[in-house]
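Thank you all for coming. I would like to take you through one structure this morning, slowly, and I will stop at a few places along the chain.

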Amino acid sequence: MSTSTDDEEGKLDSLVVILPLAVVGFALVAACWSLLSVAGIHIRQEMELTGVQFGLLLSLPMAVGALVAIPGGVAAQVFGARRVMMVCLAGLSLCMMALLPAPPFTTVWLAGAGLGLAGAYYSAGLQFVTSHAPEHRTGLVLGVFGAGITGVGMSYYLVPLILEGFSWSVVPLAYLIMLLLLLALMVLLTSQEPTGGNMADGALTPVWVRLSRLRLWQLSGWYGVVAGGFFALALWLPDFMMSQHHFTVEAGAELARWFVIPGALAQIPGGWLADRYGSTSIVTRGLMVCLVALFFLSYPPMTLVIQGIHGTLDLHYVLPLPVELSLVVVLGVAMGCSMAGLQRQVVVDNRETIAVAAGVLLVSACSVAFLLPPLFGAANDWVGVRSAVFMILFLMLSLTLFLFARTARRDERRRLLHPGI
């Protein structure tokens, strides 16, 4: 009994150092993940990129993040999560060094792809904090670690702040300093944890059994649409605000933070509500709120000409900025609650293989987030309406809500007809 108590106290002592480092690290790599959404606007102007090219540049970190999420988790199990996290921090530092001078487009392209190492950091970091967490505090630790996603909005605040006194080329230098400082702290304050390199092949059997189940892929697909749409819109909003309202980059990024930060923090109450009322209820209602907000955001400024009895009447429609900003906040919060509900459902269904299921979720979200920015850019170039991005999200979330509600109703009916199953 005393040995068990001593082990738990030891984990709590180490968690005091490890958890803050891991959360700060996740926030920083998430900020790197979204760096091009703000600094990339300057690159777009200097290199005269088209909407599709700019969309591809924004989506590169998401694409690489999707590719390295599961391999990063496997590498963390074999070689140790701490080692993988430090490799990711070192790789991100190299990307920032590549952006320090005035780089050609090819270098920017490669550096943007390298920012996807944030996906591997997340997979390894999840294992790192849970390996030092007492079992009865695992949920709390994961919730605190997951709150680091608010770092996505860090670029929206930090980059404009740097631009006030310096040029945009100073931005990667600031990120480089923070990455190297965090890397040094991890080397000095943490130690290598035991690895699972000698794991038997038979231990992988539950993983393949879970991966073969349709429900995991259904939930992951729905989560990918919601979370991928959230990340893609977070990347696109600064450019949208700047172009739609003729704001400066700083003002556009500041307004975009009102979508990112509330949406990221909404996952905490969203998860709590899902525990209290069930994931299905929270996801369904969250998606309904998303559709209402997207319906109004989809309408572009327009003039309606009516042929009246005494002449023509011109009706001008434009969404006031305070109303538009309020709808953006509501959309972010609703998407955050929906993400939390879907993520909780996946964890409940796959407790034996949480790490693999989480990797599948991240791959799904990153894949959708990779595809959407080029689609947004193409819609702007071809349709010529900036609010087309909200129209695209409205269609995607409408389909997601329909499929999710139909599946939930079918599962509920099956449980009622066959309670023993």
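In which helix does Leu36 lie? Before I answer, please keep in mind that what you have in front of you is a predicted model. Leu36 lies in helix α2, which covers residues 36–47. As for its surroundings, Leu36 has a relative accessibility of 4%, and because buried means under 20%, it counts as buried. If you then look for Ser59, you will see that it is 23 residues away from Leu36 in sequence, while the two C-alpha atoms are 9.4 Å apart in space.

Let me move on to helix α4, residues 81–99, and to the way it meets α9. In general, two packed helices are described by the angle between their axes and the distance between the axes. The axes of α4 and α9 come within 9 Å and cross at roughly 160 degrees. Angles over 145 degrees count as roughly antiparallel, and therefore α4 and α9 are roughly antiparallel to each other. The crossing of these two helices, α4 and α9, is left-handed.

Within α4 I would like to point out Leu89. Is Leu89 buried or exposed? With a relative accessibility of 0%, Leu89 counts as buried. Its C-alpha atom is separated by 8.0 Å from that of Tyr121, although the two residues are 32 positions apart along the chain.

Now let us turn to the surface, and here α9 comes up again. Val16, Val17, Leu181, Leu185, Val187, Leu188 and Leu189 form a nonpolar patch on the surface, and together they have about 640 Å² of accessible area. The elements that give two or more residues to this patch are α1, residues 2–33, and α9, residues 170–189. Of the contributors, α9 gives the most, with five residues. One of the patch residues, Leu181, lies in α9, and because its relative accessibility is 53%, where exposed means over 50%, Leu181 counts as exposed.

Finally, please look further along the chain, at helix α14, residues 279–297, and helix α15, residues 321–349. How do the axes of α14 and α15 cross? They come within 8 Å and cross at roughly 155 degrees, so α14 and α15 are roughly antiparallel to each other. The crossing of α14 and α15 is left-handed, and a left-handed crossing is also what I described for α4 and α9.

Technical notes. Residues are numbered from 1 along each chain as its sequence is written. This is a predicted model: local features need pLDDT of at least 70, side-chain atom pairs count only at pLDDT 80 or more; totals for chains, interfaces and linings use all residues. Side-chain values use heavy atoms; hydrogens and water are left out. Patches are made of residues with over 30% relative accessible area and no salt bridge: like charges are joined within 9 Å, nonpolar side chains (Val, Leu, Ile, Met, Phe, Trp, Tyr) within 5 Å. Accessible areas come from the Shrake-Rupley method with a 1.4 Å probe; for residues, only the protein chains shown count as cover. A salt bridge is a side-chain nitrogen of Lys or Arg within 4 Å of a carboxyl oxygen of Asp or Glu. Helices (H or I, at least four residues) and strands (E, at least two) are DSSP runs, numbered from the N terminus. Buried means under 20% relative accessible area, exposed over 50%, partly exposed in between (1.4 Å probe, protein chains only). Axes are lines fitted to C-alpha atoms, for helices over the stretch in contact, and angles run from 0 to 180 degrees between N-to-C directions. Angles under 35 degrees count as roughly parallel, over 145 as roughly antiparallel, 65 to 115 as roughly perpendicular and the rest as oblique. A crossing is left-handed if the near helix is turned anticlockwise from the far one by less than a right angle, and right-handed if clockwise.
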